[in-house]
Structure formats: C-alpha cells, structure tokens
Amino acid sequence: MKPATPQPLTPPSLADSDRKALNDLYVRGTPENTLRAYERDLLYLTAWKQLSFGAPLVWPEQHECALRFILDHSRDLSDATGPAREVAEALIARGLRRSLTCPAPATLNRRIASWQAFHRMKNLDSPFDSPLLKQARAKARRAAARPAAPKSRNPITRPVLEQLLATCRGSRRDCRDRALLMLGWASGGRRRSEITAIRVEDVSLKDFAVSGIAWLSLVETKTTRRGATPRLVLKGRAAQALVHWLEVSGITDGPLFRPVSKSDRVLSRRLTPDAVYQILRHRLQLAGLPPDFATPHGLRSGFLTQAALDGAPIQAAMRLSLHRSVAQAQRYYDDVEIVENPATDLLG
C-alpha cells in the first residue's frame, strides 16, 4: 500500500474567549505606567502613519514605513521643507508633538520599543529587527547624540524637603501631602507611579509601637519584577507621618493615598501619578519656590544626593532606591564628590 502523503500541520487557532483571556492577562501583567506609554505611543504612531502614507498601521508593518519613521524623527525639521515637516506640523497642531526640533533619542527609542511590543503582542516579527533598520537606528543615535537632560531641574535634598513639609499644617490634605512627600523621599526616592500604587495592605505597622518602624511591600517597581521587590523600611518622622495620615483619614484598606475634596473629605479612589506632580508644584509655590523648581523625580535624585552628602555608602542607598545599575546611582555621588574635590579650589 502506498504510504499516505504527510499533510502539513495546521497551527491551532485560539478561540475568541481564550484570546480575550490572554489579552486580559497581558494587561494585568503590565505596569500601569507602561500601559499608558503604550497608549500614547500607539496614538502617535497611528496619526503619523495616516498623515505620512494616508493609511492605517498594518501588522507586520512594512520596512519602508519603519525606515521612514526613523529618518523623519532623526533630524531637525525647523529649517526643512517637504512632507516630513508638514506631517510634524500636523502632529503639533493635534498636540501629539511639541516642536519641529529633533526628538530626544530616548523618545524615539521608546516609540520604536512600543511598536516592537505591539508586534510581539500579535506574535509577529518587527521590521525594526532587520539588519538595515538596526543600522539606521545606530546611525540615528550617533547623529542625535546629546547630553541626557535631568528629569528634575533640581534634586529635592533634605533642606528643600523641610521647606515643603513646613507648608503642611493641620488639614487632612496637609496630612496626606506630608505623608506622601516623606514616604516618597525617605523610602529611597520612590517614583510617583510607585507612590500612588501603594495600598494600605502593603503597609505593616507590627513594629511601630515598639521601634517606630513601618514596613512597605511594593508589588513591583521599574527595576524589579512583580513579587521580587524587597521590603522597604520607614523610620522616625516619616513613619509617624504615615501613621498619622492613616488615623486622620480613617482608611483601613484600599489605596493609601487618595484625593481630598475641597471640604477636606477623603475620597475612595486612589491618586493618579499626575496628581503627585500637581501636589509637588503646589507645595513648591507655598514654600516660595518656583513651581518648576523640581519634578517628582526630584524626590528620587534628592534622596541619593543627600545620601552622598551625608557620606552614606552607595550600596546602602541603593538598597532603598532599588537602582539596578551602580553606574546610574553613582552619577548623583559623582556630582557631590566633584564639588567637594580640593582640586576645585586651586584658584582660591
């Protein structure tokens, strides 16, 4: 008998319910700030493709489109003419782009990374993985090389933090802001998304009555995986401010930091990361400082700068800041050390 001709295997297709469950799992397993970045980038990419080619995004995307994206975002269009500038002006009019100048390399890298992630979500190869596109990206990075801009104009060192805390009087809003600023600074310089993600269940006060210590269990951070973040400690005034906020707010579960109404009533929803930015601006103004003196990242850079000023070992500071790279944390120490270097006083 003639053997049967082997038939090619047909890859199984997911049922709609399984695909929906998989998408839901991906969303729940992705940090909220990453999802927001994906949403902004997808909106930008969709608008750029429509304006540039008169067509929607396709999956997988064409190499010509990806290459055009790199070229259009790797040069200053202020003095340029032609389609690239017209598209950039249209994006500015829609509020999707700030200026005609060359976007920061980090911005271009993030948008390309998001585009690649969208391909992975669909189990497709990205055009940016091709040798030609990789080479174009490398040349674009070298052409647009510039010093990295600080995320905060100034670090919020201890003296600046004390000025902000002095504006917090006795209302519930003041108690919340005092606890938020002290926790964000003293626990290692937390990112605003990490601060707003903390729940009451993440706080342990089992040692507070005896030693004045509060423990924090963050679900995840930018540099640690879900469930792999070590416990952080709050001591002294920071722990006391946290406990006082819990007492005056009456919160027993759910989000730790919440909006407070004009009538000084604590609401049930959690603060958004943008609210931390607004709170900081408000406290800076009350302290007599320019509202753009610092951003929430100043809590992080200020913690590390103060640790360097106080002579704390960088490894000890990193245990709280959870920096993954010593070189990245070392930058704050380098700024302090070079100012205190005796060689800087040779001219008198």
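Rings of Phe, Tyr and Trp (its six-membered ring) are paired if their centres lie within 6.5 Å; planes under 30 degrees apart count as stacked, over 60 as edge-to-face and the rest as tilted. The structure, a predicted model, holds seven such aromatic pairs. W48 and F53 form one of them. This pair is edge-to-face, at 5.9 Å centre to centre with 70° between the planes. W48 is buried (under 20% relative accessible area; 1.4 Å probe, protein chains only), because its relative accessibility is 1%. F53, at 36%, is partly exposed (between 20% and the 50% above which a residue is exposed).

W185 and F303 also form an edge-to-face pair. Their centres are 5.8 Å apart, and the planes meet at 80°. The two residues are 118 apart and link distant parts of the chain: W185 lies in helix α8 (residues 172–186), F303 in helix α13 (residues 297–309). Helices here are DSSP runs (H or I, at least four residues), numbered from the N terminus. Both W185 and F303 are buried. Elsewhere, ring pairs join W48, F53, F69, W115 and F128 into a cluster.

Two arginines place a charge over a ring (CZ of Arg or NZ of Lys within 6 Å of the ring centre and within 35 degrees of the ring normal). The charged end of R111 sits 3.7 Å from the ring centre of Y44. For R331 over Y332, the distance is 5.8 Å.

Residues are numbered from 1 along each chain as its sequence is written, and side-chain values use heavy atoms, without hydrogens and water. In this predicted model, local features need pLDDT of at least 70 and side-chain atom pairs count only at pLDDT 80 or more, whereas totals for chains, interfaces and linings use all residues.
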